[in-house]
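Grab a pencil and keep the 3D view open while you work. Try each exercise yourself before you read the worked solution.

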Amino acid sequence: MLLEIVDLYVKYGNIEVLHGINLKVREGEIVTILGANGAGKSTTLLSISGLVKPSSGAIYFNKNSVHKMAAHAIVKQGIAQVPEGRRVFGTLTVQENMNLGAFVCADPARAKKTQEWIYELFPVLAERRQQLSGTLSGGEQQMLAIGRALMSQPKILLLDEPSLGLAPLLVKTIFQTLREINASGVTIVLVEQNARAALKLAHRGYVLELGNIVLEDSSEALMANPRVQAAYLGGE
Ligand code: ATP
């Protein structure tokens with residue numbers, strides 16, 4: 001098991017938003033977490049990347065417990081997050097944003113190779129490497145946010161709503177690229193409101209409702225599940 005979340009509780013102030021969730025991700029998998037607004041999906045990802053600290057429970061990555069580590073140390077373990085809303089540094093160029101993602105990489109030759117791979121995955125970023133990131137389109141900013149996360153050469157990539165606000169064709173392109181990234185050996189955890197696209201991409205999925213995991217299954221089984229269809233697939 002690459003990632004294991006065990007009985008995780010998270011509170012914001014006095015309000016508990018995750019009530020003891022358990023989640024496992026094997027190396028090489030794409031796992032999606034589905035759920036309505038406010039279910040706790042982002043909180044789950046933020047807990048894995050160390051930006052939110054659990055009140056109890058544990059998170060193991062490669063058998064090491066990471067839930068007490070600082071966020072920058074967790075990146076060094078091989079966990080990278082693409083935050084909701086992209087959060088690229090708008091006043092910096094594409095290239096400068098990419099450089100920031102490489103802060104954990106001590107080997108410049110390796111960083112350069114990674115960068116070449118990312119520019120192959122997203123040719124539009126290569127064309128625009130000197131452009132200020134704030135002037136990129138929403139889709140290009142999403143690509144940059146993914147590219148920047150990949151610069152840390154993660155073993156696992158956590159994505160929070162990469163399809164948010166993007167046109168359907170662009171969502172298709174980005175999800176296709178996520179498939180390529182996964183094929184190259186990067187494990188993926190994907191939080192999505194676009195359940196249909198997420199289940200098509202993922203091998204397995206979890207459904208989170210009000211801070212509890214209520215379902216866990218293969219993507220095919222989740223897509224065929226009437227409860228998932230009614231709540232997340234538009235009653236197909
Ligand atoms: P969305 O899809 O809307 O982002 P989500 O499933 O990712 O939803 P979270 O963002 O994890 O849900 O939020 C879970 C709950 O925690 C919500 O009720 C939210 O209001 C609350 N919450 C999130 N962040 C904070 C915070 N920094 N302080 C207090 N409450 C928070």
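One thing before you start: this is a predicted model.

**Exercise 1. A look at the second largest pocket**

Task: Work out how the residues lining the second largest pocket divide into nonpolar, polar and charged, and find which element gives the most to that lining.

Solution:
- Start with the sorting: the lining has five nonpolar, two polar and four charged residues.
- Now put names to them: P168, V171, K172, F175, Q176, R179, N194, R196, A197, K200 and L201 line this pocket.
- Next, match the names to elements: α7 (168-183) and α8 (195-201) are the ones that give two or more residues.
- Of the elements, α7 gives the most, with six residues.
- Finish with the space inside, which is about 240 Å³.

**Exercise 2. On to the largest pocket**

Task: Find the volume of the largest pocket and say which residues lie nearest its centre.

Solution:
- The volume comes to about 580 Å³.
- Go to the middle of the pocket: L51, V75, Q81, P83 and R148 lie nearest the centre, out of 22 lining residues.
- Then trace the lining back to its elements: α1, α2 (71-77), β6 (79-82), α3 (94-101) and α6 (138-150) each give two or more residues.
- Sort the lining as you did before, and you get twelve nonpolar, six polar and four charged residues.

**Exercise 3. Who surrounds the ligand?**

Task: Which residues come nearest to the ligand, and which helix gives the largest share of the shell around the ligand?

Solution:
- There are 13 residues around the ligand, and G38, G40, K41, S42 and T43 come nearest.
- Helix α1 (residues 41-48) supplies the largest share of this shell, with three residues.
- By type, the shell holds four nonpolar, six polar and three charged residues.
- Now zoom in on the ligand's oxygen atoms. A polar side-chain atom of T43 sits 2.5 Å from one oxygen atom of the ligand.
- For G40, look at the backbone instead: an N or O atom there lies 2.9 Å from a ligand oxygen atom.
- N37 uses its side chain, with a polar atom 3.0 Å from an oxygen atom of the ligand.
- Last step, the cover: the ligand taken alone exposes 630 Å², and the protein buries 57% of that.

**Exercise 4. Put the strands in order**

Task: In what order do the four strands of the open sheet stand, and why do β2 and β5 each have one side without a neighbour in the sheet?

Solution:
- A bit of background first: strands in a sheet pair through backbone hydrogen bonds, and they can do so in a parallel or an antiparallel way.
- Begin with β1 (residues 3-12) and β4 (residues 56-61), an antiparallel pair with five bridges. As an example, Y9 has S56 in β4 as its bridge partner.
- On to β1 and β2, which run antiparallel and are joined by eight bridges. Here L3 is partnered by V25 in β2.
- These two strands make a hairpin with two residues between them, where G13 takes a positive phi near 65 degrees.
- Now add β5 (residues 64-65), which runs antiparallel to β4 and is joined to that strand by two bridges. Look for F61, which stands opposite N64 in β5.
- β4 and β5 also form a hairpin with two residues between the strands, and N62 in the turn has a positive phi of about 55 degrees.
- Put the pairs together and the order reads β2-β1-β4-β5, with antiparallel pairing.
- That leaves the edges: β2 (15-25) and β5 each have a single partner strand, so one side of each is left without a neighbour in the sheet.

Definitions and conventions: Residues are numbered from 1 along each chain as its sequence is written. This is a predicted model: local features need pLDDT of at least 70, side-chain atom pairs count only at pLDDT 80 or more; totals for chains, interfaces and linings use all residues. Side-chain values use heavy atoms; hydrogens and water are left out. A residue is near a molecule or strand if one of its heavy atoms lies within 4 Å of it. A polar contact is a pair of N or O atoms within 3.5 Å; within protein, one must be able to donate a hydrogen and the other to accept it, and residues adjacent in sequence count only if both atoms are side-chain atoms. Accessible areas come from the Shrake-Rupley method with a 1.4 Å probe; for residues, only the protein chains shown count as cover. Ala, Val, Leu, Ile, Met, Phe, Trp, Tyr, Cys and Pro count as nonpolar, Asp, Glu, Lys and Arg as charged, and the others, Gly among them, as polar. On a 1 Å grid over the protein atoms alone, a cavity is a set of points where a 1.4 Å probe fits but cannot get out, and a pocket is an open set with protein on both sides within 12 Å along at least five of seven lines; lining residues have an atom within 4 Å of a point. Grid points are joined across faces, edges and corners, and a volume is the space filled by probe spheres set on the points. Two strands pair if DSSP finds at least two bridges between them.
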